[in-house]
Amino acid sequence: RVAAPALVARSLTARVVYLHLLVGELAGQVPGIVRAGAGALAEDVGLEVADVRAALVELEQHGLAEVDLGARLIRLPGVAEDAARLAATPTVVVGWARVLAELPECAVRARHAATLRGLAREDQRGLFDPMAKGLDTLSTGYRDPSETLPRQDTDSSRTQTAGERERPRAEPL
């Protein structure tokens, strides 16, 4: 409903991509955020990758999507707000936070978590209460990738293997 007026004025390809992100096979468990790259989306919709990329740019330019192709995340602003009105149980809402925590850490995920956190604060039914603290962590925990690189060990006698390096993770909910 939120995107309908803006979506009508978009190209046919952009409308197809948007609707597929909204309700297609790639649509995720968390309303309004999809984990997919341009290639997977193109294959799923049956379009060329260049056409899907152009459609994503068009959607972004008109505020209908936020895209991070590096993290393979696409956010549809306004969708979470509609879904929150329809959420029936705290279990569903807590499930959203758990799935969101597993997505790649990037600005798109942080903005989506911030949106859900805002909904948690506005919710009069108490559905979002169990996940509010975790959303605070997810929405403010975004760090620039250069800050998350492993620190260089000054002791040259021992080299860390990839498995030994600590990787930043979202805090459990």
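**Entry 1. Leu56 and the cores**

I began with Leu56 in this predicted model. Leaving out residues up to four places away in sequence, I found that Leu56 touches Val17, Leu21, Leu41, Val67, Leu69 and Ile74. I then looked up the largest nonpolar core, which has 20 residues. Leu56 is listed with Val17, Leu21 and Leu59 as the residues with the most contacts inside this core. I noted which elements give two or more residues to the core: helix 2 (12–23), helix 3 (38–45) and helix 4. Another core, of 14 residues, lies apart from it. I recorded Ala80, Leu100, Cys106 and Leu119 as being among the members of that other core. As background, I note that nonpolar side chains tend to be buried together in soluble globular proteins.

**Entry 2. The sheet**

I next examined the strands. An open sheet is formed by 3 strands in the order 1-3-2, with antiparallel pairing. Strand 1 (33–35) and strand 2 (66–68) each have a single partner strand and stand at the edges, so one side of each is left without a neighbour in the sheet. From one strand to the next, the twist averages 10°. For strand 2 and strand 3 (residues 73–75), I recorded antiparallel pairing over 3 bridges. Within strand 3, Ile74 stands opposite Val67. I had already listed both Val67 and Ile74 as residues that Leu56 touches.

**Entry 3. Glu58**

I turned to Glu58, which is found in helix 4 (residues 49–61). Is Glu58 buried or exposed? The relative accessible area of Glu58 is 18%, and I therefore entered this residue as buried, the cut-off being under 20%. I looked for what its side chain meets and found a polar contact of 2.7 Å between the side chains of Glu58 and Ser11. Not counting residues up to four places away in sequence, Glu58 touches Arg10, Ser11 and Ala14.

**Entry 4. Arg10**

The contact with Glu58 led me to Arg10, which I located in the loop between helix 1 (4–8) and helix 2. Arg10 is also buried, with a relative accessible area of 15%. Which backbone atom does the side chain of Arg10 reach? I found that the side chain reaches the backbone oxygen of Ala6 at 2.9 Å. With neighbours within four places in sequence left aside, I listed Arg15, Glu58, His62 and Leu64 as the contacts of Arg10.

Methods
Residues are numbered from 1 along each chain as its sequence is written. This is a predicted model: local features need pLDDT of at least 70, side-chain atom pairs count only at pLDDT 80 or more; totals for chains, interfaces and linings use all residues. Side-chain values use heavy atoms; hydrogens and water are left out. Two strands pair if DSSP finds at least two bridges between them. Helices (H or I, at least four residues) and strands (E, at least two) are DSSP runs, numbered from the N terminus. Axes are lines fitted to C-alpha atoms, for helices over the stretch in contact, and angles run from 0 to 180 degrees between N-to-C directions. Buried means under 20% relative accessible area, exposed over 50%, partly exposed in between (1.4 Å probe, protein chains only). A polar contact is a pair of N or O atoms within 3.5 Å; within protein, one must be able to donate a hydrogen and the other to accept it, and residues adjacent in sequence count only if both atoms are side-chain atoms. Contact means heavy atoms within 4.5 Å. A nonpolar core is a set of buried Ala, Val, Leu, Ile, Met, Phe, Trp, Tyr and Cys residues joined through side-chain atoms within 4.5 Å.
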